[in-house]
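Work through the three exercises below with the sequence and the structure side by side. Each one sets a task and then solves it step by step.

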Amino acid sequence: MEALVLGHMNPDADSILSAIALQNLMTQRGFKCKACAQGKPTKDTAWALDKFGFEAPEIITSVKDQILFLVDTTDTEQLPNDIAEAKIKLVVDHHHLGQIFTSEPLEMWVRPVGCCATIIKEMYDAYKIEIPKNIAGILMATILSDTMIFKSPTTTDADIKAVEELSKIANIENVKEFGMEMFTIKANINLPAIELLNKDLKNFETKEKCRFSIGHLEIMSIDLIKDKKDELVAEVKKLKEKNNLHTAALMVTDIEKEGSILIIDSVAEEKIAQNLNCKIENNVSDFLPGIMSRKKQITPTIINCCA
């Protein structure tokens, strides 16, 4: 039976490009599988797909009775509603462990690195399988995207080493120039506020059943959204109310200044502000220098404030 290689909903580069790379790796290991996605590629992901000669994966909404290889998530809130009726055989992830359950043993590659693609690169090395040039290209693009060209606090030496080696295989001489070209596309904000919020929105649920959602928007300067701030606040409030969430938030990261603001609506707003050592007025935080990671900095803060 063919396995589906699948990442989280509202897929980013890591969710889609890593799924394609993992399909290649697992096929070479003798497994029949295909990369899928829970949504269309973002513009930067589409750029990388086109640059290295790949088609966008098939979009699926159901995984009932399917064999799954999961990438970039183990949170059931980020997977199809019938995830409990699927058979998960492999997980490759770099986040906290979510709520997935398996009745049988499975293969797991979970490491605290900046990107799933880094782990997949290490899997190729571990199994002594040669990385094709085009696969090296999308793996490199994914790592640069997820680590914000190594500016994110999630970046590790393993991520940097992987890009150095992948760039040679992909024949990309100027890694920074390549990364900036991708980020120029990724940082496009000429979209309605609702699309900016949903562009990279992730849903979470704690073991205490506290549910929250965090979007992440990475742009060259926060000044670029000053005229959209009120619209973004309104969309964040709608999201919280519509889904009856503890917290809804949009993290807007300034790549040049290396910090973020948080647009937020939460029942624990004051507690979150204290934990981040900032003020939140009219649902918008002060600028948070050094705060650039949803996974490592904002998500744990909100989880700690759920109690």
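**Exercise 1.** Locate Val110 in this predicted model, and decide whether Val110 is buried, partly exposed or exposed.

*Solution.* Begin with the secondary structure, where Val110 belongs to strand S6, which covers residues 107–110. Next take the relative accessible area of Val110, which is 34%. Because partly exposed residues fall between the limits of 20% and 50%, Val110 counts as partly exposed. Finally, look at the surroundings on the surface, where Val110 joins Leu97 and Met108 in a nonpolar patch whose accessible area comes to about 260 Å² together.

**Exercise 2.** Find the element or loop that holds Phe101, and determine whether Phe101 is buried or exposed.

*Solution.* Following the chain, one meets Phe101 in the loop between strand S5 (87–93) and S6. The relative accessibility of Phe101 is 72%, and since exposed means over 50%, Phe101 is classed as exposed. As a further step, compare sequence with space: Thr74 is 27 residues away from Phe101 along the sequence, while their C-alpha atoms are 9.4 Å apart.

**Exercise 3.** Describe the setting of Glu165, stating which residues beyond its neighbours within four places in sequence are in contact with Glu165.

*Solution.* Glu165 sits in helix H5, made of residues 157–170, and with a relative accessible area of 28% Glu165 is partly exposed. Once the neighbours within four places in sequence are set aside, the contacts of Glu165 are Lys121 and Asp125. With Lys121, the side chain of Glu165 makes a polar contact of 2.4 Å. Met140, 25 residues from Glu165 along the chain, has its C-alpha atom 9.0 Å from that of Glu165.

Notes. Residues are numbered from 1 along each chain as its sequence is written. This is a predicted model: local features need pLDDT of at least 70, side-chain atom pairs count only at pLDDT 80 or more; totals for chains, interfaces and linings use all residues. Side-chain values use heavy atoms; hydrogens and water are left out. Patches are made of residues with over 30% relative accessible area and no salt bridge: like charges are joined within 9 Å, nonpolar side chains (Val, Leu, Ile, Met, Phe, Trp, Tyr) within 5 Å. Accessible areas come from the Shrake-Rupley method with a 1.4 Å probe; for residues, only the protein chains shown count as cover. A salt bridge is a side-chain nitrogen of Lys or Arg within 4 Å of a carboxyl oxygen of Asp or Glu. Helices (H or I, at least four residues) and strands (E, at least two) are DSSP runs, numbered from the N terminus. Buried means under 20% relative accessible area, exposed over 50%, partly exposed in between (1.4 Å probe, protein chains only). Contact means heavy atoms within 4.5 Å. A polar contact is a pair of N or O atoms within 3.5 Å; within protein, one must be able to donate a hydrogen and the other to accept it, and residues adjacent in sequence count only if both atoms are side-chain atoms.
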